[in-house]
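Okay, thanks for making room on the agenda. I'll walk through one model today, piece by piece, so please have the viewer open.

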Amino acid sequence: MRKMTVFQRFSRTFRDNPSLAKMLIVFTVSGGGLVAYSEAKADGGIHAVNPSEVDVKKKRVVVLGTGWAGTSFLKNLSNSSYDVQVISPRNFFAFTPLLPSVTCGTVEPRSIVEPIRNIVRKKNVDVHYWEAECFSIDAANKKVYCRSHLGGDVNAKEEIVVDYDYLVISVGARSNTFNIPGVAENCHFLKEIEDAQKIRRTIVDCFERASLPNLSDEERKKILHFVVVGGGPTGVEFAAELHDYVTEDLVRLYPKAKEAVKITLLEATDHILNMFDKRITAFAEEKFQRDGINLKTGAMVVNISDKEITTKEVKNGGAVSTMPYGMVVWSTGIGTRPVIMDFMKHIGQGNRRVLATDEWLRVEGCDSIYALGDCATINQRKVMEDIWAIFRKADKDNSGTLTVKEFQEVLADICERYPQVGLYLKSRQMKSLVDLLKDSSGDAVKESIEVNLEEFKLALSQVDSQMKNLPATAQVAAQQGSYLADCFNRMEKCENNPEGPLRFRGEGRHRFRPFRYKHLGQFAPLGGEQTAAQLPGDWVSIGRSSQWLWYSVYASKLVSWRTRALVISDWGRRYIFGRDSSGI
C-alpha cells in the first residue's frame with residue numbers, strides 16, 4: 001500500500017476533523033481598536049441513510065429549502081430522535097449578502113457557497129438530502145409533492161411524494177415584478193448565485209460590444225448605460241460595486257469606454273436606503289453624486305422594453321420620460337413563490353401576500369407546519385383582542401377590578417406574550433404599569449388603586465400601535481432557524497415542563513417562549529472602501545473604518561472555514577491583481 005506523505009496526512013486530518021480548523025481572525029482598523037473573533041462550530045453533513053432503514057419510531061421532519069432559515073435550522077438541530085429529509089432544488093447554501101460582490105468579480109461565486117452535505121455531514125441526526133423542488137403541500141394528509149429536474153427535462157411528470165410528521169417551510173421568496181410590463185423579460189435580478197453570474201457576464205459583454213469599431217457614439221453610450229432599479233441595500237450596494245469595477249478595472253482595459261459609461265439608480269420614493277438612519281441616507285446620496293452615479297428619486301418604472309425604460313415622476317404632475325439602456329438590474333422587493341400561494345389558498349390564507357404564522361413560527365391553522373424566512377410573516381396577536389382574557393387571568397380574586405399589584409404579577413407574562421407592551425413602555429420612557437395607568441388617567445396611581453375593565457382598556461388602548469412586521473432579511477431568517485431548532489431539540493422536555501408565558505385564553509403555559517428577533521445592526525457598502533454601519537443603540541459609523549468592520553463581520557458570519565478562507569483570499573487577490581474581466 002502506498003505510503004502517505006506528510007502533507008497528505010496533514011490535509012486528511014483537517015478534512016476529517018473540522019474542529020481542528022478553528023482559527024482567530026483579527027482585523028486591525030485604522031490604527032487598531034477592532035478585533036473580530038469568530039469560532040466555528042464543527043460542521044456536520046448528511047448521513048447516507050436509506051429512509052426505509054430509519055427507525056420507524058423517529059418522527060420525520062421535512063425541510064423545504066436550503067437558504068438562510070433552512071440551513072440555520074439544520075446546523076442547530078441536535079436531537080437525534082428525528083429523521084430529517086431536506087428537499088431543495090439547490091444542493092448548497094449561498095451567502096447572499098455577498099452576491100453584489102460576485103456580480104463584479106470582487107468575490108468568486110464558489111467562494112460563498114457551501115454544499116449542504118458538508119454543512120451537516122457529521123451531525124448525530126439522521127439527515128437525507130434530495131435535489132428536487134416541492135410544487136404542492138397537502139396539509140390534510142401530511143404529504144408534500146416534489147419533482148426533480150436532474151434528468152434535464154423541466155417538464156418531467158414523475159412525482160416524489162414524501163410523508164411528514166413536521167414540515168419546515170423555508171423556500172424563501174422570488175423577485176417581485178409588480179406586474180410591470182417587460183420586467184420579467186428584460187431585467188436581471190439579484191436573488192441567486194446564477195443571477196450574479198449572469199450579471200457579471202452581461203457587464204463584460206456590454207464593454208466588449210461597446211469596443212467594436214462599427215458603432216456610433218450614441219450606440220456606445222446606450223450599451224454602456226447601466227440602470228439599477230431599487231434604492232434599497234441590495235440596489236445601492238450593486239451600484240457602488242459596479243462603479244468601483246468600472247473606475248478601478250474596466251476603464252483601464254477599455255479606455256474608449258471611459259466617457260461613455262453611465263450608471264443610473266432609480267428609486268420610487270424620495271430617498272434611497274429609507275430603512276437606515278437619515279445621516280446614512282444623506283451621506284450615501286451625496287457620495288453617489290460625487291462619484292457621478294445618476295441618482296433619480298421619485299421615479300417610478302412603468303414599462304421596460306428591450307431598448308428603453310419608461311419612468312413616471314411621482315411628483316411634478318406625473319411626467320413620463322424614457323431612457324435607453326444596455327443592462328437593467330431589478331432590485332425592488334420580493335414576492336411569494338407559486339407553491340406557497342397555492343398552499344395559502346388551501347388553508348384559507350388566499351387573501352394574504354405571505355404565509356402567516358403565530359409567534360412560535362407555526363403556520364396558522366396547521367399545528368405541525370412551520371414557516372420561516374422570507375416566505376412567511378409573524379402575525380403578532382393584538383393585546384386588545386385578548387383584553388378581557390388578560391383582565392380575567394389577572395383578577396385572581398374575581399372582584400371585577402384589578403389592583404396595580406395584581407397586574408404587576410402577570411406583567412412579565414404579558415410583555416413576553418405581547419412584545420408590543422414592552423416596546424410601548426420603552427417608547428414612552430415608562431418603567432412600570434404604574435406609569436402606564438398614570439399616563440392614561442392623569443392621576444397619581446398607587447398600588448391600592450383599583451381599575452375596572454374599561455379603565456384597563458383605556459390604559460392599553462395605544463399599545464398595539466407598536467406592532468411592526470419583521471424585515472425580510474438574512475438576519476431574521478437565520479435567527480428564526482436557530483430558534484426553531486432549539487424548540488425541536490427540547491420538544492419533549494417542554495411538553496412536560498412548559499417554559500412559555502401564561503395562556504390567557506386557556507390553562508397552563510405555552511410550551512416555548514415565542515420567537516423574538518434581536519437586531520444586530522446593518523451595513524450599506526457605498527464603494528470606494530467606504531461603508532455605512534448602523535448598529536444597536538443608535539450608533540452610526542460611516543467611512544473606511546466601517547469598511548473593515550464590514551469585512552470582519554461578514555468573514556465571521558460565513559458558514560464554514562473553507563468559505564472564510566476563500567472569501568478572504570478573494571479580497572486579497574482583488575487588492576493585488578484587481579478584478580477579473582473574463583467573459584466566463
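**A walk through the model**

Let's start with an open sheet of 3 strands, in the order β25-β26-β27, with antiparallel pairing. The edges are β25 and β27 (539–543), and each of those pairs on one side only. From one strand to the next, the twist averages 10 degrees. Before I go on, keep in mind that this is a predicted model.

Now zoom in on the first pairing there. β25 and strand β26, which covers residues 530–535, run antiparallel and are joined by 5 bridges. If you want a pair to click on, take Phe-523, which stands opposite Ala-533 in β26. And what lies across β25, β26 and β27? That's helix α9, residues 278–291, and it runs at about 15 degrees to β25.

Staying around β25 for a moment, look at the loop between α17 (491–496) and β25 (522–527), where you'll find Gly-508. Is Gly-508 exposed, partly exposed or buried? Its relative accessible area is 43%, so Gly-508 counts as partly exposed. If we leave aside neighbours within four places in sequence, Gly-508 is in contact with Leu-502 and Arg-503. For a distance to check in the viewer, the C-alpha atoms of Gly-508 and Pro-498 are 8.3 Å apart, and those two residues are 10 apart along the chain.

**The parallel sheet**

Next up is an open sheet of 5 strands with parallel pairing, and the order is β11-β18-β12-β13-β14. At the edges sit β11 (188–189) and β14 (294–297), each pairing on one side only. Inside that order, take strand β12, residues 225–229, and strand β18, residues 327–330: they pair in the parallel sense over 4 bridges. Val-229 has Trp-330 as its bridge partner in β18.

This sheet also has a helix lying across some of its strands. Helix α8, residues 233–253, lies across β12, β13 (262–267) and β18. Its angle to β13 is about 175 degrees. For anyone thinking about side chains here, a general reminder: in a regular strand they alternate between the two faces of the sheet.

**A hairpin and an enclosed helix**

Moving on to β6 and β7. Strand β6 (residues 133–138) and strand β7 (residues 143–147) run antiparallel, with 5 bridges joining them. They form a hairpin with 4 residues between the strands. One of the bridge pairs is Asp-138 with Lys-143 in β7. In the turn, Lys-142 has a positive phi of about 55 degrees, in case you like to look at backbone torsions.

Then there's helix α2, residues 68–76. Why do I call α2 largely enclosed by the rest of the structure? Because 7 of its 9 residues are buried, and for a residue to count as buried here, its relative accessible area has to be under 20%. The buried ones are Trp-68, Ala-69, Gly-70, Thr-71, Ser-72, Phe-73 and Leu-74. What do they pack against? There's quite a list: β1 (59–64), β2 (82–88), β3 (92–94), α4 (116–119), β9 (166–169) and α16 (474–489).

**Out on the surface**

Let's go to the outside now. Trp-548, Tyr-575, Ile-576 and Phe-577 form a nonpolar patch on the surface, and together they have about 490 Å² of accessible area. Which element gives the largest share of that patch? Helix α19, residues 561–577, with 3 residues. Phe-577 is in α19, and its relative accessibility is 68%, so Phe-577 counts as exposed.

Another exposed spot is Asn-179, in the loop between β10 (174–175) and α5 (183–186). Asn-179 comes out at 75% relative accessibility, and because of that it counts as exposed. Along the chain, Asn-179 and Val-302 are 123 residues apart, yet their C-alpha atoms are separated by 9.6 Å.

**The whole chain**

Let me zoom out to finish. The protein chain has 19 helices and 27 strands. Out of its 584 residues, 49% are buried. Among contacts with a separation of 6 or more, 65% are between residues 24 or more positions apart. As for the surface, the chain exposes about 29,100 Å², and carbon and sulfur atoms supply 50% of that.

How values were computed
Residues are numbered from 1 along each chain as its sequence is written. This is a predicted model: local features need pLDDT of at least 70, side-chain atom pairs count only at pLDDT 80 or more; totals for chains, interfaces and linings use all residues. Side-chain values use heavy atoms; hydrogens and water are left out. Patches are made of residues with over 30% relative accessible area and no salt bridge: like charges are joined within 9 Å, nonpolar side chains (Val, Leu, Ile, Met, Phe, Trp, Tyr) within 5 Å. Accessible areas come from the Shrake-Rupley method with a 1.4 Å probe; for residues, only the protein chains shown count as cover. A salt bridge is a side-chain nitrogen of Lys or Arg within 4 Å of a carboxyl oxygen of Asp or Glu. Helices (H or I, at least four residues) and strands (E, at least two) are DSSP runs, numbered from the N terminus. Buried means under 20% relative accessible area, exposed over 50%, partly exposed in between (1.4 Å probe, protein chains only). Two strands pair if DSSP finds at least two bridges between them. Contact means heavy atoms within 4.5 Å. Axes are lines fitted to C-alpha atoms, for helices over the stretch in contact, and angles run from 0 to 180 degrees between N-to-C directions.
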